[in-house]
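Trainee: Got a minute to go through this one with me? I'd like to check the labels against their cut-offs.

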Amino acid sequence: DIEELNEKVGREKDANAQREGELRAMRSSHAIEVSKLKGQLRKANERKKLDEIKANDFRERSALASKMTLGVHKRLDRTIKEKTLLGIKLAEAEKTLRVTGQ
């Protein structure tokens, strides 16, 4: 009877040791998988931040280009008006010269 119990206890100890080994292997594999997933998440977040920076940079550059274009158009309009006014004044002066010269 005692020998049977000792054998039974021995088998149970072996089975428990085997289960513990399997559990350790599963935990180790799980830890490796979690580590990989954390790395992938970190890389994805870095890519997302980089994309946001690029998008913000593009928006800022677009806004700046808009302002510059608007500034150029305003300057051109002002120059055209000035030239037109100068042309009108010049035409009036020529007319006055013709009238006074005749």
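Mentor: Sure, start with the overall size: the protein chain has a radius of gyration of 43 Å, whereas a compact globule of 102 residues would have one near 13 Å. The radius is taken over C-alpha atoms, and the globule rule is 2.2 Å times the number of residues to the power 0.38. Bear in mind that this is a predicted model, where local features need pLDDT of at least 70, side-chain atom pairs count only at pLDDT 80 or more, and totals for chains, interfaces and linings use all residues. Residues are numbered from 1 along each chain as its sequence is written, and side-chain values use heavy atoms, with hydrogens and water left out.

Trainee: What box do the C-alpha atoms of the protein chain fill along the principal axes?

Mentor: Roughly 150 × 10 × 5 Å. For a sense of distance, the C-alpha atoms of T96 and V9 are separated by 128 Å, with their positions 87 residues apart along the chain. R11 and K38, 27 residues apart, have their C-alpha atoms separated by 40 Å.

Trainee: How many helices and strands are there in the protein chain?

Mentor: 1 helix and 0 strands. Both are DSSP runs numbered from the N terminus (H or I, at least four residues, for helices; E, at least two, for strands). Helix α1 covers residues 2-101, and L76 is in there, as is T96.

Trainee: Why is T96 called partly exposed?

Mentor: Buried means under 20% relative accessible area, exposed means over 50%, and partly exposed is in between (1.4 Å probe, protein chains only). T96 has 45% relative accessibility, so T96 counts as partly exposed. Across the 102 residues of the protein chain, 1% count as buried.

Trainee: And why is R11 called exposed, while E7 is partly exposed?

Mentor: R11 is at 52%, so R11 counts as exposed. E7 is at 48%, so E7 counts as partly exposed.

Trainee: What makes E7 and R11 a salt bridge?

Mentor: The term asks for a side-chain nitrogen of Lys or Arg within 4 Å of a carboxyl oxygen of Asp or Glu. For E7 and R11 the closest N and O atoms are 3.9 Å apart, and the pair forms a salt bridge. Both lie in helix α1, 4 residues apart, about one turn of the helix.

Trainee: How do you know that R61 and D57 meet in a salt bridge?

Mentor: Their N to O distance is 3.0 Å, and that fits the salt-bridge rule. R61 and D57 are 4 residues apart in helix α1, so about one helical turn separates them. D57 is partly exposed because its relative accessible area is 35%.

Trainee: What about E20 and R24?

Mentor: That's a salt bridge too, at 3.7 Å from N to O. E20 and R24 are 4 residues apart in helix α1, so they too are separated by about one helical turn. The structure holds 4 salt bridges.

Trainee: Which residues make the nonpolar surface patch?

Mentor: V72, L76 and I80, with about 260 Å² between them. Patch residues need over 30% relative accessible area and no salt bridge; like charges are joined within 9 Å, and nonpolar side chains (Val, Leu, Ile, Met, Phe, Trp, Tyr) within 5 Å. L76 has a relative accessible area of 47%, so L76 is partly exposed and clears the patch cut-off.

Notes:
Accessible areas come from the Shrake-Rupley method with a 1.4 Å probe; for residues, only the protein chains shown count as cover.
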